[in-house]
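Take a look at the assembly below. The walk-through starts with one chain and ends with the contacts between chains.

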Protein chains: 4
Amino acid sequence: MVLRYALSPMKELWEQRTTLEKWLQVEIAVMQAYEDLGVIPKGTTDQAKRNATIDMELFREYENQTDHEVIAFVKMATSKMGAEARFFHYGLTSSDVIDTALSLTLVSACDILLNQMKELLTSLWKLALEHKYTLTIGRTHGVHAEPTTFGLKVLNWYAEAKRNYERLVLAKEQISFGKISGAVGNYANVPPEVENLALEKLGLKPSPVSSQIVNRDHHAFLIMTLALIASGIERMATEIRHLQKTEVLEVQEPFKEGQKGSSAMPHKQNPILCERLCGLSRIMRSFVSTAIENNILWHERDISHSSAERYTLPDATQTLYYMLVKSQYLVENLVVYKENMVKNMNTTHGLIYSQRLMLALIDKGLSRNEAYDLVQSLSLRCWQTKEDLRELAKKSLSILTEEEIDMVFDPNYYLKHVDEIYKRFEGECTK
Amino acid sequence: MVLRYALSPMKELWEQRTTLEKWLQVEIAVMQAYEDLGVIPKGTTDQAKRNATIDMELFREYENQTDHEVIAFVKMATSKMGAEARFFHYGLTSSDVIDTALSLTLVSACDILLNQMKELLTSLWKLALEHKYTLTIGRTHGVHAEPTTFGLKVLNWYAEAKRNYERLVLAKEQISFGKISGAVGNYANVPPEVENLALEKLGLKPSPVSSQIVNRDHHAFLIMTLALIASGIERMATEIRHLQKTEVLEVQEPFKEGQKGSSAMPHKQNPILCERLCGLSRIMRSFVSTAIENNILWHERDISHSSAERYTLPDATQTLYYMLVKSQYLVENLVVYKENMVKNMNTTHGLIYSQRLMLALIDKGLSRNEAYDLVQSLSLRCWQTKEDLRELAKKSLSILTEEEIDMVFDPNYYLKHVDEIYKRFEGECTK
Amino acid sequence: MVLRYALSPMKELWEQRTTLEKWLQVEIAVMQAYEDLGVIPKGTTDQAKRNATIDMELFREYENQTDHEVIAFVKMATSKMGAEARFFHYGLTSSDVIDTALSLTLVSACDILLNQMKELLTSLWKLALEHKYTLTIGRTHGVHAEPTTFGLKVLNWYAEAKRNYERLVLAKEQISFGKISGAVGNYANVPPEVENLALEKLGLKPSPVSSQIVNRDHHAFLIMTLALIASGIERMATEIRHLQKTEVLEVQEPFKEGQKGSSAMPHKQNPILCERLCGLSRIMRSFVSTAIENNILWHERDISHSSAERYTLPDATQTLYYMLVKSQYLVENLVVYKENMVKNMNTTHGLIYSQRLMLALIDKGLSRNEAYDLVQSLSLRCWQTKEDLRELAKKSLSILTEEEIDMVFDPNYYLKHVDEIYKRFEGECTK
Amino acid sequence: MVLRYALSPMKELWEQRTTLEKWLQVEIAVMQAYEDLGVIPKGTTDQAKRNATIDMELFREYENQTDHEVIAFVKMATSKMGAEARFFHYGLTSSDVIDTALSLTLVSACDILLNQMKELLTSLWKLALEHKYTLTIGRTHGVHAEPTTFGLKVLNWYAEAKRNYERLVLAKEQISFGKISGAVGNYANVPPEVENLALEKLGLKPSPVSSQIVNRDHHAFLIMTLALIASGIERMATEIRHLQKTEVLEVQEPFKEGQKGSSAMPHKQNPILCERLCGLSRIMRSFVSTAIENNILWHERDISHSSAERYTLPDATQTLYYMLVKSQYLVENLVVYKENMVKNMNTTHGLIYSQRLMLALIDKGLSRNEAYDLVQSLSLRCWQTKEDLRELAKKSLSILTEEEIDMVFDPNYYLKHVDEIYKRFEGECTK
């Protein structure tokens with residue numbers, strides 16, 4: 001992982017110590033399951049919990065000795081135990097512990113991400129509300145189309161973020177599976193009841209048929225979801241980069257405290273955060289193919305997924321967490337230049353209303369062709385001479401009154417259904 | 001699309017004629033909505049339906065004239081209409097029609113895929129049942145680990161396919177969105193009520209905030225799901241390729257009718273169908289990055305996704321359909337060599353039971369170290385001389401009776417929880 | 001392949017008839033090699049050439065009978081031959097023919113692409129020359145930085161296209177390998193001399209060690225190169241899309257004949273061609289992972305690459321060819337609005353010269369801090385009031401003469417090394 | 001980067017200290033260029049070199065103060081300089097230093113990789129020589145095809161590795177470009193002569209037209225090449241994994257010192273290194289799409305590539321280096337079981353010679369059909385009864401003598417051209 005993009009608490013989740021703690025959690029849950037089933041003496045688990053050791057130095061020492069992570073872990077964990085050590089890791093295969101603990105870690109990662117997505121949703125909703133009626137030009141192909149509101153743009157981001165939130169809830173469910181089923185998934189040395197009880201304690205479901213591990217389609221689904229969430233952030237960041245271009249300048253990403261006004265080049269506010277988010281989204285996207293390829297393991301498992309996952313799982317979750325944190329900062333502090341939005345809407349001197357003008361003429365009884373010819377000739381003149389189309393219309397189209405013409409050029413026409421769109425989301429965001 | 005992999009009915013779904021029919025379906029639904037709302041005269045829609053024309057030659061002629069697909073479509077569709085033509089495409093933007101119709105097509109594609117997945121699930125379940133107790137060696141890292149059953153392998157495929165079925169149901173839901181909201185999604189020329197009514201008739205939900213189009217995260221989710229499904233098939237095909245290797249020969253993919261016995265090289269049955277499925281899965285995987293990139297459009301839309309989707313959407317759905325059809329054929333007709341499974345299980349002359357032997361000695365009171373040393377020396381001899389470990393044990397380990405040793409080497413030990421695993425799926429598959 | 005993007009002559013290259021012709025070419029070359037080595041009677045090859053048949057109907061008939069493409073081909077090709085048929089396909093494995101012919105096809109594809117790249121290079125050079133001194137603002141992060149020339153932008157595209165041309169020359173060399181070495185590459189039934197002679201006739205080199213096929217790293221290198229070329233086009237298309245935005249309007253992609261002036265919305269010229277090119281580049285990019293995965297075949301070959309290549313090879317070469325043809329049209333007919341470039345350069349009212357202003361003050365003896373403070377205060381005023389920085393400077397900075405100030409604000413300062421940059425490419429483009 | 005896969009000296013190359021050293025190297029080269037051109041006083045550069053400071057603590061302090069890496073670097077580097085500090089970073093833009101230094105780093109990375117590739121080539125050649133005549137079965141589709149030699153397999157890896165070596169030489173050339181051309185590449189504040197001289201000193205060529213940075217097609221070409229090299233390693237590792245399967249056991253990846261014989265499960269040698277290499281190759285592949293996307297920057301540069309490159313460049317070079325080091329260890333210490341190769345060749349009881357048997361009968365004058373029918377019936381019997389085809393032939397085919405039949409079944413037939421293939425590489429590897 002790139003250190004500068006590793007933020008707490010996601011960062012700590014991927015530290016080795018945390019991994020060993022999750023392993024211990026699994027071992028203890030299995031022990032308790034055996035105890036509940038009467039296989040091992042009452043009280044064993046409590047004693048084991050009290051005496052269990054997590055000591056990174058010891059772990060590294062044992063790892064060097066044994067060249068086997070799980071054996072080193074068991075030695076370390078039981079180093080201060082008494083008789084209860086006998087029942088530690090009882091009947092288990094390394095993968096039972098590692099893969100179940102990995103699910104615990106990924107569930108925690110999902111929780112961290114979901115929390116942060118909630119924050120982002122709240123900020124987006126606030127911004128959308130603030131600019132519900134802030135007129136701006138809608139652009140298709142980068143070219144002015146029709147007026148809309150800046151709030152609707154933000155609401156579109158919000159709606160996608162909400163879909164993504166729900167997708168992540170699903171992905172979390174899909175990763176909430178463990179397995180305590182032995183070397184090839186046949187429960188040879190540990191009965192399904194232990195799996196059921198232990199996983200229940202851990203908040204996981206049993207993988208209904210496992211090989212040595214939990215199948216990697218679960219993990220691939222998660223990674224794909226994270227990449228999709230990232231692309232939503234990239235879409236927003238791309239929009240802001242566009243709107244921050246010198247000729248447009250409708251929004252700016254926040255500058256740091258005290259930064260404003262300090263420069264001899266006040267125009268040179270660069271959307272570097274948004275650009276960074278776009279670059280990171282490319283990275284997020286790149287994890288997907290690896291995640292899908294990891295699903296195609298040989299027979300009851302090969303370990304080729306493991307080296308790949310050392311990159312993809314910590315990097316994907318940490319990178320997305322960084323993106324979400326920064327996105328929220330961005331949305332919360334976005335600088336919006338309403339006056340430039342209005343100014344830009346007039347870049348074409350009224351041409352964006354030419355179709356409405358034509359419709360107004362048709363309403364007055366002109367044929368479509370007549371109306372088209374009239375408006376076309378005015379439009380071309382407007383385009384070539386930069387004269388205002390409204391003024392040209394007023395001068396040339398006596399069939400329409402000044403008021404009627406003013407109505408044609410009234411951008412508020414485009415706001416008439418904004419309330420209705422917002423209503424679809426009301427009640428959702430109360431924070 | 002590669003013609004040889006295009007199968008009915010998915011193939012027809014992507015023909016231009018079908019597209020125009022879906023467009024017409026959308027136009028008629030919108031008309032009906034206007035009629036229901038009293039905006040246009042009662043009966044208009046029925047008349048339009050009766051008089052609507054789909055004529056590919058006419059369409060191509062108009063397309064050449066206008067260089068605009070939707071205008072050409074409207075001209076063609078209304079070419080035999082009377083007054084009702086006035087209300088055809090009323091207040092609509094091209095994208096309202098195209099994008100809503102695309103969702104209809106994708107929903108149909110999902111239905112075709114879901115049906116075929118059901119067939120596959122049924123075949124997998126049947127095969128899993130048939131081989132519930134068929135002993136085979138479980139392999140990790142390609143190396144013999146512990147006995148398991150071939151049925152469990154198949155059940156693992158089944159369980160993944162079932163997860164994938166449910167994922168596709170979700171993806172279908174996620175693509176069941178249309179939009180009738182105008183050039184930039186502000187309902188300037190068509191009220192939200194029309195969208196509501198029209199989409200309801202079409203079985204779609206309104207995109208809660210649309211730009212000119214339905215946001216592409218919906219489509220990306222679908223494509224990702226299809227790629228994941230394909231990877232499940234690739235996993236199964238890879239397993240079969242492994243099991244069909246000359247030295248293993250536990251299964252063979254079906255040979256065509258009359259093919260068997262016809263060759264002078266009877267051993268040279270190549271798993272070419274499975275290999276083909278693996279290659280196609282690579283293709284499926286490659287669509288994902290494009291699908292995610294397509295989400296990042298500029299402002300209220302740019303059309304860069306469109307050229308890309310001309311490849312990805314028809315190719316992804318058709319290729320997966322081909323894969324599913326062929327997979328079902330494969331599963332339905334798979335040749336299984338139970339006797340080779342038993343034979344291969346003995347490749348290591350009993351070494352796969354060495355751990356159980358050690359545990360048996362421990363149960364008899366030996367210390368872990370003593371037991372380990374004893375078994376290790378026998379195991380090494382077995383490995384080097386190819387003598388049978390069971391016989392060696394009987395000769396050397398007088399602490400265990402012959403019966404006890406036979407129990408250690410009884411593969412049925414590994415079947416004890418098979419029923420319980422299968423029970424998790426019972427009641428699901430009744431077909 | 002998507003039909004609308006399939007252009008001649010690349011399209012014909014991938015038709016089945018062409019494939020069979022290439023197969024025949026390989027068979028004849030091998031025959032000639034045997035004849036040259038005295039293995040088969042003199043004159044056999046000439047006779048075979050004269051009597052060889054390519055008849056698609058016959059081929060399909062035989063294919064249906066045999067379910068084997070190469071056997072059907074041999075039957076068709078020899079259907080009108082006499083005794084010489086005996087030596088047709090003599091000692092060959094199907095893959096010898098198919099894979100060698102595939103290299104021939106890919107070499108032809110490279111030639112078509114290289115020719116088109118030459119055309120594009122010529123057009124780019126012409127456009128670069130035309131706008132060598134056309135002043136425009138250089139933008140970093142989408143924000144105005146320093147003046148540069150539009151010609152330099154184009155020259156940058158040209159320089160990348162030239163690198164890509166050279167890369168494609170390399171890739172063509174790397175794909176110019178065939179193999180006539182039998183089922184597993186050991187020349188069991190055909191001696192290396194035949195391979196040498198036959199491939200020489202075909203303009204190919206022998207793969208120094210082949211398996212059943214030419215290793216797929218060769219093909220992957222080609223596909224990667226094509227994707228890289230596409231990304232260069234995407235970069236150019238992205239720039240044009242930016243420059244065509246309503247607020248910028250420095251260039252426009254060509255509109256079709258007669259299209260100009262015909263619309264009532266003259267501002268709504270959308271860069272749809274550029275957007276299409278961007279979408280297609282995403283597709284080109286997606287072929288790379290498949291191409292690399294195809295390299296990892298099992299043992300002496302498995303056929304998983306084959307289904308995948310039915311998509312990637314025809315689609316990648318045809319799509320890129322389409323992109324190149326359209327790019328050249330784009331460059332050749334690009335509409336450039338020099339006056340808007342000048343206008344936009346002034347968007348910041350002179351702030352882009354603030355650093356030069358500071359340096360001029362330092363040259364006059366002010367300390368860096370003094371100069372900075374002075375310029376900063378002027379800059380802020382300019383930014384806030386939109387007053388022209390040059391005028392503000394003239395009013396406030398008596399230490400500089402008007403002429404000196406005018407020099408600071410002279411964009412021609414940025415042109416001083418343009419000639420030198422262009423000289424690096426002179427002599428290259430004489431067409 | 002995943003720490004466990006970061007090996008010296010590649011690891012140190014990517015430490016921040018090394019980056020700052022490369023930056024200093026660029027600054028000094030530029031200074032020297034100015035001095036050579038007489039712009040700054042003689043001796044300045046020497047003095048700067050003597051007084052330049054690299055002090056990580058100081059750097060971090062300044063970075064916290066300024067929030068700008070290059071400013072902090074300049075402050076640190078000049079912190080003990082005298083008057084010469086004036087000419088440090090003279091006329092330069094941050095990107096001039098950063099991007100030129102990045103090329104230096106990547107050139108060094110290429111050198112490290114090339115050296116390691118040479119080692120690998122030597123090991124591969126040695127192994128290929130050792131097993132030049134080691135008979136083994138060639139497999140297509142995982143099914144026995146024809147005998148070949150294990151040496152030829154290795155030689156095939158060698159030949160690909162050699163092509164990859166040459167590709168990396170090319171990629172190194174393509175990344176050996178720097179730029180000292182200012183904020184938008186127009187040499188506004190630094191003349192081209194300085195770039196020429198400085199880059200020459202650094203062993204780089206000037207980017208013929210740069211924007212603010214060296215275009216990212218250079219970097220993409222490198223990353224693609226690294227991914228292709230990795231796929232070659234994956235191909236080899238996949239083959240070894242196949243050959244190490246329990247039923248095949250023709251090779252084994254090396255076990256650690258003292259590991260052999262220590263286990264109670266001597267058969268359970270898992271090819272975990274090869275599996276790890278396969279997983280890492282997936283990661284390498286995933287960098288390509290990001291690298292290509294990074295090429296499409298906006299205008300004269302946006303910084304979106306930068307965050308992405310913080311992952312891809314250090315990770316790709318370090319991961320591949322790890323793969324190369326481990327591959328060499330693997331090849332150098334591979335355990336080869338020649339006797340199992342011979343044993344496996346007989347798995348089909350001689351069926352792999354059935355075609356040669358048929359040809360021998362045809363040579364004796366039988367028609368193709370007669371010969372086919374005879375061989376087919378023997379083959380089927382062999383396949384069904386596991387009788388040896390050679391013995392069956394001796395019993396049934398009196399038309400052939402025992403000696404003739406023995407010749408048909410002589411695997412040495414397949415070795416006849418091995419020498420010739422090896423000769424193509426002689427003289428290359430003398431180490």
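What follows goes from a single chain to its domains, then to the interfaces and the nonpolar cores.

This is a predicted model. Start with chain A. Its secondary structure comprises 17 helices and six strands. The C-alpha trace spans about 100 × 50 × 40 Å along its principal axes. The radius of gyration tells a related story. A compact globule of 431 residues would come out near 22 Å, but chain A has 30 Å. Burial is still considerable in number: 57% of the 431 residues in chain A are buried. Contacts also reach across the sequence. Of those in chain A with a separation of 6 or more, 75% join residues 24 or more positions apart.

Next, the domains. The assignment for chain A gives domain 1 (7-87), domain 2 (94-188 + 201-345) and domain 3 (351-408). Domain 2 is thus written as two segments, 94-188 and 201-345. The centres of domain 1 and domain 2 of chain A, taken over C-alpha atoms, are separated by 34 Å. The two domains do touch. In chain A, 16 residues of domain 1 are in contact with 19 residues of domain 2. On the domain 1 side, helix 1 (10-13) and helix 2 (16-36) of chain A are the elements that give two or more residues. Helix 2 of chain A supplies the largest share, nine residues. By class, this side of domain 1 of chain A has ten nonpolar, three polar and three charged residues.

Now turn to chain B and its neighbours. How many residues of chain B are in contact with chain A? There are 59, and they meet 59 residues of chain A. Several elements of chain B each supply at least two residues to this side, among them strand 1 (135-140), strand 2 (143-149), helix 7 (150-175) and helix 17 (418-423). Helix 9 (217-243) and helix 10 (272-293) of chain B also belong to that group. Helix 9 of chain B gives the most, with 13 residues. The side of chain B that touches chain A divides into 26 nonpolar, 19 polar and 14 charged residues.

Chain B also meets chain D. This contact takes 36 residues from chain B and 36 from chain D. Strand 2, helix 10, helix 13 (354-363) and helix 14 (368-385) of chain B each give two or more residues to it. Helix 14 of chain B has the largest share, six residues. The classes on this side of chain B are 13 nonpolar, 18 polar and five charged.

Symmetry comes next. A turn of 180° with a shift of 0.0 Å along the axis lays chain B on chain D with an RMSD of 0.0 Å. That is the relation of a two-fold axis. In chain B, the C-alpha nearest the axis belongs to B:Glu247, 3.0 Å from it. Both copies use the same surface: 100% of the contact residues of chain B recur in chain D.

Last, the nonpolar cores. The largest has 264 residues, and A:Leu124 and B:Leu124 touch the most other members. Helix 6 (residues 94-130) of chain B contributes the largest share of this core, 17 residues. Which residues does B:Leu124 touch, not counting those up to four places away in sequence? They are B:Val154, B:Trp157, B:Tyr158, B:Ala161 and B:Val331. Apart from the largest core lies another, of 238 residues, including A:Ala308, C:Met323, D:Phe87 and D:Ala188.

Terms used: Residues numbered from 1 in each chain as written. Chains lettered and ligands numbered in written order. Predicted model: local features only at pLDDT ≥ 70, side-chain atom pairs only at ≥ 80, totals over all residues. Least-squares fit on C-alpha atoms with pLDDT ≥ 70 in both. Contact = placed C-beta atoms within 7 Å. Helix = DSSP H or I, 4+ residues; strand = E, 2+ residues; numbered from the N terminus. Nonpolar A, V, L, I, M, F, W, Y, C, P; charged D, E, K, R; others polar. Rg over C-alpha atoms; globule rule 2.2 N^0.38 Å. Buried ≥ 20, exposed ≤ 12 C-beta atoms within 10 Å, placed from the backbone. Domains from an automatic or database assignment. Core = buried A, V, L, I, M, F, W, Y, C linked by C-beta atoms within 7 Å.
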